[in-house]
Amino acid sequence: MGSNGNHCSFVLLAEFHIFEGAQLKYQFPQPLGVDEGVLAMSMLPDGAEMQQDDWTVFFLNQTPFNTISPVLALETPETKAVPLPGEQDESPRDKPDLLCVLNLVRTKHDKTLDRGAKVLALAICTRHPFIQIFKPFLLMALDDYFSDPSQDCLARLFDAVNAMDLSGAPLLTRQEKIVMRSSERKDIFAEKFATRDQNWDASNPRLGAKSIMQHKSTNSGESYLSFEGELFSRQRQEENRSRERELPPPPDTDIATAVSTSTQSGINPDSPSDASFSLGGSAVWVGDESGLDLAASKDAGDSLSVLSLGGSNTMMASLRKRRSTDASSLSSLAQTKDMMVRAAGTPLPPYSDPLSRPGLVKDTHFYHTAVAYKDHPIPIKMPLFTFPEEVGDYSLITLFKEFSSHQNVSGPQHPHLHTNGPQTHPIIVLFNALVTGKRIIFLGHRRPAGEVSSFVLSACALGSGCGAVLRGFIERAFPYANLNNRDEWESVPAYIAGVTNPIFESSRAWDLLLVIGAGTVTVAKDIYSTYPVTATSNLGAPLLSRSGTLKADSSITSDDGDLPRVGSNQGSKPDFFKSDNNADKVFIEDIRTAIDDHFGESVVRMRFAEYVTRFVRLASRYEEEVTGSTKIGHTSSSFSEQPGRRAQLGSGMAFSDEATSMKELVANAQRIEAWRKTNSYQYCIADFAKFQINSAIKGFDVMHQSIRLRHGKALSDAEAALIMRTFADNVKSYEQVIELLAFLIPHGGGLIPLGFGLFHQKESVREATIDLFNQLRVFPVGVLFLQSLNHFQRYAYVRQAHAREKRILNEQQQLLQQQQHTAQAFPTTRAHSNSIVGGGLNGHVY
C-alpha cells in the first residue's frame, strides 16, 4: 500500500433542516454524482435526534442507483487506489471499486434553536474495509465543524486521512493472514516489521535464529512459570550466584579451544538447539547434546551464536553439570551466558526480563502509526489480517447471543433453512439463508442505527467464513436502509438489509426477518411459493442398499470435521432432521461452550470459518456424488495401497463409512442445491481454480492429510508414513511452510498432531517428522509454531534430532578413518621433482 494512497475518496456533510428535512450540505472534493436525497437520508437515520452520537455504515458502487459518477476523474496515476496488502483485485476492470462509507451522526442540544437541537452527520468514503480506524478522525473533525462551520473542516479531514502513511505496513498474503488471525501470539510475523536492511534471509538460518532470539518473544497461550516454579527459579538463581563467586573464570584458551572444537565438529547448524525454542521462554535441555543461546551482546553474539546453533557439546559438558526439562531452566541459561561472556572478556550487559521484547511493536496483528489533525497526533492501529468481506467492527459473539434459541424461530420450515428440522438453531437458519440467497432484514426499532449496521456486517462475516472462505455478501449488503430508496435496494436479489422503521415488518418483501432486541427469527409465510422445493438426486438409494454391510452406530460427524465425537447409536434413525448428533447442532453447542467459557472473538471467528470451510467441502463431495466431478474442491478418495503399486494419499472430504456419508449428504442436499444457484457459488469456483494455480504445495490435498492426522480413525502405519514423508518432501520454501501452517491453526492443535509422529513405532515416520520440523524451524513463524508443541514432543524432537546428527557424524568419521586406513595401506609412489605424473607443478600434489 502506497504511502500516499487514496485512503479517503470523498468527505460528506449532511444537516437536518427543520423545514426541508435531511439535506446534503457539502461534498468534498467534488460532487459524487449520486442522488443527494439518497445520501442525506442514509447519513441521517430515523430517530437520529434520540441519540447523542450514532454511527452508520453504507456502501456506494453496489447498484446503478448508488454508483458514483464524479465530474472530474476520481483517480490519477499518483492517487490510484492500491489493493490491500496481500490481496488481489478480484473485481472486473469495468466494475468500480466498492466504497465503504463511515458516517458519524451527532445531536447537539441548543435551546435557542427552533427544535432545540442541531443534527449533523459527517462521513468519509474509503475503499478500505477496516473503516473503524477512521472513527477518531470523524470525532475530531465534527467537533471542529461545530466550532467553525465551514468547508475548510472537510478539507482538513480529507488531507489528514490521505496523509496517513501505510508504506511500512507488512504485505501479507492470504495464507499469512490466516496464520496471523489464528494465532494469539503478539509477535507473529515480527520479522516483517524489521527495517529493510535487516530483512529475513531464509538462506541463512543462523542469522534468522539469532534475530528471533533477540526478540525475546513469548507464547501468549501459555505461562512461563507456575507460582511454585517461580519460587524454585529464584532459589536456583541464588544458588548459581553463590557458585559463581566460588568458581574462578575459565582461561581464554579454554574458550578458544571450545569454539574451535565446535566449529570443526561438522555438526549440522540446522539441527535444533534448546535456544530454538527459548525465544525468551523456557528451554528444553537434553543431556549434553543441546545448545544454548549465548548471544549476549552484538560483538559476542556473532561468534557465540555460531556455537549455540552449531550444537556444540564440548563447552556444554564443561559448563553444565545437570539436566533439566522444566520451565525454570532459564535461570541456568542466564548463568551459563554470564560465565561465557565474562570468559570471553566482553562487558556484561544488564540481564533483561525474558518477557520483554525490546524494539518490537506491542501487537504485530496491527500496524501502528500516527496522523496529525490540527497538530493533534491521532494514533492509528490498522489490522493486517482483514479480508474484503469483513467491514468495520463486527462481533459474532454478539450476533450469537442475540439469536440464541430455536424456540424463537417462527414460520414454516423450509429445507433450504431448516437442516435440523424444528431444532435448527437461529444462527444456522441465518447461515442457510445467507448461502442460499434469501432476502434478509434485521429490524431494530428504536435501536441505534449503528447497532443495526453492526448486525448486518456480522451476518456478512458469518456467511463468508469471516472473509476467508466465501465472498459475494458485502456487495448485496445494506447495513442501514430506509424508506427513501426502498424500491432500489429491495430490487437487489438476496439483499441483506438493516432497518429501524417497523413498517418493513409488515411489508413482507423479505424471506427472513430478525428482530434485534426481541431475538426473534421469522420465516416468511410464502417462502414455499417463492422458493419451491425441487427434487434432489436419489442419494438415499445407495444408503439403503449398503446399510446391511455397514456399521449402524457410526457418528454423524466425519473424519473431515473438527467437530467432537458425539453419541453413537443414532445411525439407524430414518429421519435425518431429528438426529440428536446432527453436525450443525454439535457445532452450535461447541460455540455456546466457547462463549460460556469466555473464549475471545478470534476463537469464535475461527470456528465459524472452519464451519463454512466444512460446508464447502461437503458441497464438493455432494457435487461429486451427483455429477461425477466437482469444481470447488479436490476429488474424494481414500488412501490406497496395492502390492506392486505406489501408495496413493487420500483427498477430498472423508467419512468414517458410507452410511455416515449418505446421511449427511441427504440432510444437506437441499441447501447445497440452493447454494449452487447463487453468485457466491460462482465466486467459489473461480477462487478454487485460482488457488489450484497459485498454490505453493501441489500434487496432494493438504487439508485432507492434516485432518486425517487430527481426526482419522484407524490410521494405518503406511498412511501415516506417506503423509509425513510427503509433507517433508514438499514443504521446504517459505510459501510452502506458510500454506501448511494455514491448515494447522493453533486452537485446533497446531503442530501437535504432527508431533505425535515423533513417538511412532516406525522409524520412517519419526525421521520424516524430524525432517519436516527441521525445515519449519528455518523460518521465524515455524519456530513459533514449534513452540506450541508440548514439553514431551519438544524433548523428543531435540533428543532425536541431535541423536541423528550425532549418528551421521560418527558414520562420516568412520568413513574418513577407513579412507585414511586405505591410504596408509597403499601409499602412493613419490614422483620425481620434475615430473608431473601424479602431481602438479614442482611436484606438489593438488
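Student: Why is L171 called exposed?

Tutor: L171 has a relative accessibility of 54%, and exposed means over 50% (buried is under 20%, partly exposed in between, with a 1.4 Å probe and protein chains only), so L171 counts as exposed. This is a predicted model, where local features need pLDDT of at least 70, side-chain atom pairs count only at pLDDT 80 or more, and totals for chains, interfaces and linings use all residues. Residues are numbered from 1 along each chain as its sequence is written, and side-chain values use heavy atoms, leaving out hydrogens and water.

Student: What makes the contact between E15 and K25 a salt bridge?

Tutor: Happy to check! A salt bridge needs a side-chain nitrogen of Lys or Arg within 4 Å of a carboxyl oxygen of Asp or Glu. For E15 and K25 the N to O distance is 3.5 Å, so the pair fits the definition.

Student: And why is K25 called partly exposed?

Tutor: The relative accessibility of K25 is 42%, which falls between the two cut-offs, so K25 counts as partly exposed.

Student: How do you know that R671 is buried?

Tutor: Its relative accessible area is 2%, under the 20% limit, so R671 is buried. R671 also meets D584 in a salt bridge, at 3.7 Å from N to O. D584, at 8%, is buried as well.

Student: What makes R607 and E610 a salt bridge, and are they buried or exposed?

Tutor: Their closest N and O atoms are 2.4 Å apart, within 4 Å, so the pair qualifies. R607 has 7% relative accessibility and E610 has 14%, so both count as buried.
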